[in-house]
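Trainee: I would like a close look at one single part of this protein, taken slowly, with the reasoning spelled out. Could you walk me through one helix and its surroundings?

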Amino acid sequence: RAITIQEGLEMLLNILETAEIVSTSTFNYQKQLEILRCFENLVSSDEVLDTLMTIDKSAKIIADSFHPVHVEVTYTFCEIISGFLFAKAEGHNIIMDTLSKIQQDRGLRFRTCLLYTSPSPRDRQKSRMPSSA
């Protein structure tokens, strides 16, 4: 039988969790980066992104991949969460809540800002520039 999008995403999230644990202990981020790149490609689909946002702890599992010392992993992580941010208002809330928890758990400091100069990758016709800018 074919698996559903949700089942495939859940399997990929489980693999990502394991890869994150291994990469943290071995300092080899290649497997984790490969899985994150899969997610980066997958979230370009509205259906996949919407499904991913409904999976409990998906944002946390992806956010656990944030490694400030590994540029490629961090960049790919940012590309993935940008999909969440532009998807719906709830996507923004999911990411901000997740980053707040990581900040507390890891004692990290984040500086967050929203860039309004570019249109959403999902809607190239709407400007994100606030009227006051």
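Mentor: What follows is a look at helix α1, beginning with the whole chain and ending with the residue just after the helix.

Please keep in mind throughout that this is a predicted model, and that the values below are computed from it. The protein has six helices and zero strands, so that its pattern, read along the sequence, is simply α-α-α-α-α-α. Of its 133 residues, 33% are buried, and among the contacts with a separation of 6 or more, 61% are accounted for by residues 24 or more positions apart.

Now turn to α1, which covers residues 5-26. You can check its length yourself: at 1.5 Å a residue, the 22 residues of α1 should span 32 Å, and because its end C-alpha atoms are 31 Å apart, the expected and the computed spans agree.

Next, ask which residues of α1 are buried. They are Leu9, Leu12, Leu13, Leu16, Ala19, Glu20 and Ser23, where buried means a relative accessible area under 20%. These residues cover an arc of only 130° around the axis, and therefore they lie on the same side of α1. The face turned away from that buried side carries the exposed residues Ile21 and Ser25, exposed being the word for a relative accessible area over 50%.

What does the buried side meet? The buried residues of α1 pack against α2, α3 and α4. To see one place in detail, take Thr51, which lies in helix α3, residues 46-54. Leaving aside its neighbours within four places in sequence, Thr51 is in contact with Ile5, Gln6 and Leu9, and Leu9 is one of the buried residues of α1 listed above. Thr51 has a relative accessible area of 16%, and so it counts as buried too.

Finally, follow the chain just past the end of α1, where Phe27 takes a positive phi of about 60°, although Phe27 is not a glycine. Phe27 is found in the loop between α1 and α2, the latter being residues 30-42, and with a relative accessible area of 65% this residue is exposed. Elsewhere in the chain, Lys57 also has a positive phi, near 70°, in a residue other than glycine. The place of Lys57 is the loop between α3 and α4, and at 54% relative accessibility Lys57 counts as exposed.

Technical notes: Residues are numbered from 1 along each chain as its sequence is written. This is a predicted model: local features need pLDDT of at least 70, side-chain atom pairs count only at pLDDT 80 or more; totals for chains, interfaces and linings use all residues. Side-chain values use heavy atoms; hydrogens and water are left out. Helices (H or I, at least four residues) and strands (E, at least two) are DSSP runs, numbered from the N terminus. Buried means under 20% relative accessible area, exposed over 50%, partly exposed in between (1.4 Å probe, protein chains only). Contact means heavy atoms within 4.5 Å. The expected span of a helix is 1.5 Å times one less than its number of residues. The arc is that of the directions from the helix axis to the C-beta atoms.
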